[in-house]
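Reader: I am new to this structure and would like to learn how to read it. Could you walk me through some helices and strands?

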Amino acid sequence: MGNPKAFLEISRQEAGYRPIHERITDFGEVEQTLNTHSRKLQASRCMDCGVPFCHWSCPLGNKQSEWQDALYRGKWEEAYKLLTSTCDFPEFTGRICPALCEKSCVLKLSCEEPVTCRENEVAIIEAAFREGYIQVRVPERNGKKVAVVGAGPAGLVAANQLNQMGYTVTLFDKAEAPGGLLRYGIPNFKLHKTVIDRRMKYLEAEGIIFQMNTPVDVDNLPAGFDAYCLCHGAETPRDLPIEGRELKGIHFALELLAQQNRILAGQTFSKEETIFAKGKKVLVIGGGDTGSDCIGTSVRHGAASVTQIEIMPKPPVGHNDETPWPSYPVVLKTTSSHEEGCTRRWSLASNRFIGRNGKVTGVEVEEVEWIPTADGGRPTMKPTGKKEMIQADLVLLAMGYLPNPKKEFPGNVFLAGDAASGASLVVRAMASARGVAKQIDNYLSK
């Protein structure tokens, strides 16, 4: 530990976001960066705790304390090697992970100023690309073949791990380019797609075979492989089957987000196909990160107004006794997109969509109360009878995804990521894939 007093003398400093008036005019990444000197100072704040809760809370088991110390000492290549010993693609997690490690940092508990783990992670991997620490590694082949279905976060990690173990890996995906949710779900203003393309060049050079535009039926897998890793995600969005659902102008969140990313990549859509928020009153139903991404995208389109509603009650601000440290705190989260202009409301259930001439014009909502249960389980929702109509001519459903139906597969078929667990965090999908890659290796080594 290079500076044992740094956490007492140096305050947390975040890079922050580009000015709102500037960033809402484009889809460039909103987050800024610190200079090298400031970044090293931030790394010096890590106390090298006796019990590193950051390590405990990270699904990947990242060795934060070790690479923070290397970064502080200016040993960038050492920091890179420590970081990538547990995380295949820090350039992804460092941009979009909700930083579970920071929420369990001892400095979060003591003074609400955790170490900037996530930003430091991005700084390390970007330095590695810039300085040439990342080299193409083509492993010796062991003669066995593995098919990975789905080129999202889990599929990319599984393919990378298995490829480096010596297996000939073919990665199948129905989309035109790899990345899955990273490419077609997360907006460019959070993760620019050139970051994905940069990594894909390395994976291709290392021998992974990409078969894009190739849908795979998981009940009829392609022949010729010794094992299969299914990473096709949780693909069924949660619907809202209420009166008026058939009206035009109601879309699943990913319809908007995926189309916008494809437009930025150069694809074109007809006027009838295009989902465009310019001049419209947008209503986002769902209070999570996907809903936030819809807000940022709608603002950049030039929406007349954006409202986000959530059926759950408003979370506490700052601290929640029900989710104490070091667990992830369920508290009010304000994203960069929320800052750009949005009305947020809670405890509202949607009763019916209202329309005119086949197009949606609003949603009837009703206030609900949440009644705690005696056993401490999920509270019961109680309608209050207080109803109102929210005007909207574009409604985006961002209420999560349904888990895949349980199926029985042959012994050489393995599931990883959201395909196994249901929709979750990218970092959890990546951790799952690393574990499943080891299972496949053990299976094929017997």
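Reader: Let me start with helix H15 (residues 289-301). Which strands does H15 lie across?

Author: Happy to help, and keep in mind that this is a predicted model. Helix H15 lies across S7, strand S8 (305-310) and S13. Against S8, H15 runs at about 175°.

Reader: How should I read the sheet those strands belong to?

Author: Here is the general idea: strands of a sheet pair through backbone hydrogen bonds, either parallel or antiparallel. In this case, 5 strands form an open sheet in the order S6-S13-S7-S8-S9, and the pairing is parallel. S6 and strand S9 (343-346) are at the edges, where each has a single partner strand, so one side of each lacks a neighbour in the sheet. On average, neighbouring strands of this sheet are turned by 20° against each other, direction ignored.

Reader: Which residues of strand S13 (residues 394-397) point one way, and which the other way?

Author: Leu 394 and Leu 396 point one way, Val 395 and Leu 397 point the other way, and all are buried. S13 pairs in the parallel sense with strand S6 (residues 250-252) over 3 bridges, and with strand S7 (residues 281-285), also in the parallel sense, over 4 bridges. On the S6 side, Phe 252 stands opposite Leu 397, and His 251 has Leu 396 as its bridge partner. Leu 396 also has Val 284 opposite.

Reader: What packs on the sheet, touching S6 and S13?

Author: That is helix H14 (residues 253-264), whose direction makes about 75° with that of S6.

Reader: Now to helix H5 (residues 64-72): why is H5 largely enclosed by the rest of the structure?

Author: Because 7 of its 9 residues are buried; among them are Trp 67, Ala 70 and Leu 71. The buried residues of H5 pack against helices H3 (36-44), H4 (53-57), H6 (76-84), H8 (100-103) and H10 (117-131). Just after H5, Gly 74 takes a positive phi of about 80°.

Reader: At what angle do H3 and H5 pack?

Author: About 140°, with their axes 8 Å apart. The two helices are therefore oblique to each other, and H3 passes H5 in a left-handed crossing. From H3, the contact uses Arg 39, Lys 40, Ala 43 and Ser 44, while H5 brings Gln 68, Leu 71 and Tyr 72. These contact residues divide into 3 nonpolar, 2 polar and 2 charged. As a general guide, an α-helix has 3.6 residues a turn, so residues three or four places apart point the same way.

Terms used: Residues are numbered from 1 along each chain as its sequence is written. This is a predicted model: local features need pLDDT of at least 70, side-chain atom pairs count only at pLDDT 80 or more; totals for chains, interfaces and linings use all residues. Side-chain values use heavy atoms; hydrogens and water are left out. Buried means under 20% relative accessible area, exposed over 50%, partly exposed in between (1.4 Å probe, protein chains only). Contact means heavy atoms within 4.5 Å. Two strands pair if DSSP finds at least two bridges between them. Axes are lines fitted to C-alpha atoms, for helices over the stretch in contact, and angles run from 0 to 180 degrees between N-to-C directions. Angles under 35 degrees count as roughly parallel, over 145 as roughly antiparallel, 65 to 115 as roughly perpendicular and the rest as oblique. A crossing is left-handed if the near helix is turned anticlockwise from the far one by less than a right angle, and right-handed if clockwise. Ala, Val, Leu, Ile, Met, Phe, Trp, Tyr, Cys and Pro count as nonpolar, Asp, Glu, Lys and Arg as charged, and the others, Gly among them, as polar.
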